[in-house]
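Colleague: I'm new to this one. Could you take me through it and tell me how you back up each label?
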Amino acid sequence: MPELPEVETVRRGLAPVMEGARIAKADVNRPDLRWPFPAGMSERLTGARIERLRRRSKYILADLDTGESLLIHLGMSGRMLISGAKLGAFAHDHPAPEKHDHVVLHMDSGARITFNDPRRFGAMDLLDTATADAHKLLSSIGPEPLGNSFDESYLVQALKAKTSPIKTALLDQRIVAGLGNIYVCEVLYRARISPLRKANKISKTSVEALVPIIRQVLGEAIEAGGSSLKDFRQADGDLGYFQHSFDVYGREGAPCRTPGCTSAINRTVQSARSSFYCPKCQR
């Protein structure tokens with residue numbers, strides 16, 4: 001499942017082509033993805049101008065001049081692909097339509113934005129922009145880890161009564177938005193905190209130290225274009241490269257990269273997800 005860096009990478013790739021442009025035509029080629037599309041979605045999108053493209057947690061929101069916002073969730077295999085627009089030094093021609101091109105936005109610039117999703121776990125919805133934060137998918141999401149409201153005092157307060165493992169707590173979208181399994185593993189390794197420790201048993205100093213580490217890991221991942229595992233691609237079709245920098249994720253049995261450490265990376269299962277960590281460095 002794409003995490004915050006992957007979604008932010010896609011948003012940044014789409015923004016130059018979509019922001020300020022008008023949707024000349026919207027093709028909706030099936031009635032649903034994970035959930036049914038909203039009624040009249042094609043007609044409501046056609047002719048609308050995209051004023052702003054933003055991200056909330058793992059969702060992309062396109063604010064329209066009609067007062068509605070198009071909510072996009074990539075799911076497990078969803079991709080937003082650009083064609084017919086000049087991206088950097090290259091112009092990507094329109095490809096032949098594919099079986100899983102479920103929604104196609106024809107921009108007035110001649111560019112085409114295609115939502116392709118073979119597994120159909122993605123989602124799209126139209127919601128009132130003014131009340132977007134109250135939408136059922138967004139209403140319970142915590143602060144953005146790269147935003148001003150996510151700071152040391154907030155995280156200390158949020159975790160002080162949590163008896164769940166710290167790994168589970170950081171994956172809770174009600175506590176912090178957008179963090180997923182990959183990046184929490186990497187964050188906890190850099191913080192030298194075991195994913196098995198109870199959140200409320202970690203010292204205030206260690207919890208405070210998590211905030212800049214979370215921002216650092218996410219920032220590095222965004223600059224690398226995210227992590228390409230299985231289906232993820234950037235909006236221009238390129239792969240992300242942060243997976244080449246993983247210290248623990250997916251490295252079970254490999255030597256710990258901490259200088260002087262002779263331990264190997266362990267894997268355990270927490271809440272049906274794999275946790276990778278160094279049992280010697282992370283306590």
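Modeller: Sure. Keep in mind that this is a predicted model. Let's begin with a pairing: strand β8 (residues 101–107) and β9 run antiparallel.

Colleague: How do you know that β8 and β9 pair?

Modeller: Pairing takes at least two bridges, and five bridges join β8 to β9. Within that pair, Leu105 stands opposite Ile113. Four residues lie between the strands of this hairpin, and Gly110 there takes a positive phi near 100 degrees.

Colleague: And what makes β5 a partner of β9?

Modeller: The cut-off is again at least two bridges. Strand β5 (residues 79–83) has five to β9, also running antiparallel. Here Arg79 stands opposite Asn116.

Colleague: Why is β9 called largely enclosed?

Modeller: Buried means under 20% relative accessible area. Five of the five residues of β9 (residues 112–116) are buried, so the rest of the structure largely encloses this strand. Arg112, Thr114 and Asn116 point one way, Ile113 and Phe115 the other, and all are buried.

Colleague: What makes a set of residues a nonpolar core?

Modeller: They must be buried, of nonpolar kinds such as Leu, Ile or Met, and joined through side-chain atoms within 4.5 Å. The largest such set has 33 residues, and Leu105 and Ile113 are among those with the most contacts inside it. Helix α1 (residues 4–18) gives the largest share of this core, six residues. A second, separate core has 31 residues, including Leu159 and Val217.

Colleague: Which residues does Leu70 touch?

Modeller: Leaving out residues up to four places away in sequence, its contacts include Met41, Leu45, Leu105 and Met124.

Terms used: Residues numbered from 1 in each chain as written. Predicted model: local features only at pLDDT ≥ 70, side-chain atom pairs only at ≥ 80, totals over all residues. Heavy atoms only, no water. Buried < 20%, exposed > 50% of the residue type's maximum accessible area, 1.4 Å probe, protein only. Helix = DSSP H or I, 4+ residues; strand = E, 2+ residues; numbered from the N terminus. Contact = heavy atoms within 4.5 Å.
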